[in-house]
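Reader: I should like to request a close look at a single part of this structure, with an account of its surroundings. Please take one strand as the starting point and proceed outward from there.

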Amino acid sequence: MLKAIQILGSSSGFLSYRFRKPQPNSGLSLISISKSIGTTSIKTDSLLLPASHYKGCFRMSSTHSQSNADGPSSSQLSSSSVAAIQSTGNIRKINFCQFCGGSTKHEIPDGEEKVRAICTLCGKIIYENPKMVVGCLIEHDKKILMCRRKIQPSYGLWTLPAGYMEIGESAAEGAIRETLEEANAEVEVQSPFAQLDIPLIGQTYMIFLAKLKTPHFSPGPESSECRLYELDDIPFDSLAFSSMLVTLKLYIEDIKVGRPKFHYGIINKRYSGQPIWPGTSPSEIHAYTLDYHMQS
């Protein structure tokens, strides 16, 4: 939690905070964080954060999708949400070295705390890092531009134009490129809108608000159809990914209160093998919780 706040507050500059009076001789400010799930308020630990240069405020909450009637109780959510901050995602077993092709063993290397794949031939440690997905939420004439996927996964379902960021480009440049590739649309990025982490699948989504430079768009190679949707007509029953569901719901909520904000949250997917919510699949887009939701 501390790391997430420090990254968003001091590195990106997207969020600002108001803290209590700095602790004597420490240069740190104390904040006490709580979250609400339904009518239940859950108080988490206080945190000491650097006091310099922070002002403003943020609001944090945790919610879960209401589409699954057999979802967890608030007590279950409280334990899972706290664990989410410490989650390292779904560990995938690596059997061969990407450097020399040798077989690997799985153990904790000296000086580290996590099990890693270690090559039995060259001795190198194979690290896995999350993938960055970037995309655009494009508003035009009070409508949202969406693409219908012509590729797997989620063939035939609707999404915002988005994809993996490439080496050598910024997040905003990647979002512009993906929009051009998937919707043949030239856009101008206005501002960041949401950063959504999905630890289970090792992905982080960065979605930008954008405007069309010209009112022209058409399906790219990965899309079968592109269309502008009124907010009330967005096909929520036919969306491709949980990240798109969360992004669009947050945007609609913001528009109702007057203006878009910047959002950060952790999408925790329910899937078979977890100690709670058994019997669901990562592909079920409504089976998730949005934890540690912060908004500027």
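Author: The following account begins with one strand and then turns to its partners, the nonpolar cores and a pocket. The model is a predicted one, and the description should be read accordingly.

The strand chosen is β14, which spans residues 263–269 and is mostly covered, with 7 of its 7 residues buried. Its side chains are divided between two directions: H263, G265, I267 and K269 point one way, while Y264, I266 and N268 point the other way. Both sets are buried, the charged K269 included.

β14 has pairing partners in β11 and β15. With β11, which covers residues 187–198, the pairing is parallel and comprises 4 bridges. Here G265 of β14 lies opposite L196. With β15, residues 288–295, β14 runs antiparallel, and 6 bridges join the two strands. In this second pairing, I267 stands opposite L290 of β15. In general, the strands of a sheet pair through backbone hydrogen bonds, in either the parallel or the antiparallel sense.

Both partners also lead to the interior. The largest nonpolar core has 28 residues, and the members that touch the most others are L137, I144 and M146. Two or more residues of this core come from each of β7 (131–140), β8 (143–149), β11, β12 (203–212), α4 (242–257) and β15. The greatest contribution is that of α4, with 7 residues. Such grouping accords with a general tendency: in soluble globular proteins, nonpolar side chains tend to be buried together.

M146 merits separate attention. Beyond its neighbours within four places in sequence, M146 is in contact with W158, T159, L160, E225, C226, R227, Y229, I234, P235, L239 and L248. A second core, separate from the largest, consists of 14 residues, among them V134, I138, A183 and F208.

The elements β12 and α4 reappear at the second largest pocket, where they, together with β10 (162–164) and α3 (171–183), each supply at least two lining residues. This pocket has a volume of about 560 Å³. Its lining comprises 27 residues, of which P153, Y164, Q203, Y205 and F241 are the closest to the centre. Sorted by class, the lining has 14 nonpolar, 7 polar and 6 charged residues.

A further sheet may be set beside the pairing of β14. This open sheet has 3 strands in the order β4-β5-β6, with antiparallel pairing. Its edge strands are β4 (104–107) and β6 (125–126), each of which pairs on one side only. Between β4 and β5, residues 116–119, there are 4 bridges, and T104 has C119 as its bridge partner.

Technical notes: Residues are numbered from 1 along each chain as its sequence is written. This is a predicted model: local features need pLDDT of at least 70, side-chain atom pairs count only at pLDDT 80 or more; totals for chains, interfaces and linings use all residues. Side-chain values use heavy atoms; hydrogens and water are left out. Buried means under 20% relative accessible area, exposed over 50%, partly exposed in between (1.4 Å probe, protein chains only). Two strands pair if DSSP finds at least two bridges between them. A nonpolar core is a set of buried Ala, Val, Leu, Ile, Met, Phe, Trp, Tyr and Cys residues joined through side-chain atoms within 4.5 Å. Contact means heavy atoms within 4.5 Å. On a 1 Å grid over the protein atoms alone, a cavity is a set of points where a 1.4 Å probe fits but cannot get out, and a pocket is an open set with protein on both sides within 12 Å along at least five of seven lines; lining residues have an atom within 4 Å of a point. Grid points are joined across faces, edges and corners, and a volume is the space filled by probe spheres set on the points.
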